[in-house]
Amino acid sequence: MKVTVDKNTCIGCGACAAIAPDVYEMTDDTKAEAKKSEVSGDEESKAKEGCDSCPVNAIKLE
Ligand code: SF4
């Protein structure tokens with residue numbers, strides 16, 4: 001599964017990185033980014049949890 005974060009939409013709340021720190025991380029510009037562009041196995045469900053936690057739908061999973 002591919003994980004992408006739209007930095008223009010991200011408001012830097014940190015929810016995704018708090019819920020799924022193996023999948024998302026906060027950068028110096030206080031935006032989230034995907035630690036890995038592809039996830040599989042257990043990380044897929046964590047990626048989904050992080051995505052669901054985003055208040056502005058900045059995370060895209062495909
Ligand atoms: S949950 Fe959404 S808005 Fe919050 S840091 Fe992650 S991508 Fe950005």
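**View A. Lysine 46 and glutamate 49, one turn apart on helix 2.** In this predicted model, the two residues sit three positions apart in helix 2, which means about one helical turn separates them. Their side chains meet in a salt bridge, with N and O 3.6 Å apart. Neither partner is tucked away: lysine 46 is partly exposed, at 31% relative accessibility, and glutamate 49 is partly exposed too, at 40%.

**View B. A salt-bridge network of Lys7, Asp29 and Glu33.** Shared partners are what tie these three into one network. Zoom in on one link, and you'll find the side chains of glutamate 33 and lysine 7 in a salt bridge, 3.6 Å from N to O. This pair brings together distant parts of the chain, with the two positions 26 residues apart: glutamate 33 belongs to strand 3 (residues 32-34), while lysine 7 is in the loop between strand 1 (3-5) and helix 1 (15-19). Glutamate 33 has 29% relative accessibility, so it counts as partly exposed. Lysine 7 gets the label partly exposed as well, with a relative accessible area of 30%.

**View C. Glutamate 43 paired with lysine 36.** Here's another salt bridge, and its closest N and O atoms are 2.7 Å apart. Lysine 36 is partly exposed, at 36% relative accessibility. Across the whole structure, the count comes to four salt bridges.

**View D. The ligand and the residues around it.** Which residues come nearest to the ligand? Out of the 14 around it, they are Cys10, Cys13, Gly14, Cys16 and Cys54. The shell is made up of 12 nonpolar residues and two polar ones, with no charged residue in it. As for the space the ligand takes up, that's the largest cavity.

**View E. A closer look at cysteines 13, 16 and 54, which are among the residues nearest the ligand.** Are these cysteines buried or exposed? It depends on which one you pick. Cysteine 13 is partly exposed because its relative accessibility is 47%. Cysteine 16, on the other hand, is buried, with a relative accessible area of 7%. Cysteine 54 also counts as buried, at 15%, because the cut-off for that label is under 20%. You'll find cysteine 54 in the loop between helix 2 (42-53) and strand 4 (59-61). Cysteine 54 and cysteine 13 are 41 residues apart in sequence, yet their C-alpha atoms are 8.3 Å apart in space. And if you're hunting for disulfides, the structure holds zero.

Terms used
Residues numbered from 1 in each chain as written. Predicted model: local features only at pLDDT ≥ 70, side-chain atom pairs only at ≥ 80, totals over all residues. Heavy atoms only, no water. Near = heavy atom within 4 Å. 1 Å grid on protein atoms, 1.4 Å probe; cavity = no way out; pocket = protein on both sides within 12 Å on 5 of 7 lines; lining within 4 Å. Sits in = over half its atoms within 2 Å of the grid points. Nonpolar A, V, L, I, M, F, W, Y, C, P; charged D, E, K, R; others polar. Disulfide = S-S within 2.5 Å. Buried < 20%, exposed > 50% of the residue type's maximum accessible area, 1.4 Å probe, protein only. Helix = DSSP H or I, 4+ residues; strand = E, 2+ residues; numbered from the N terminus.
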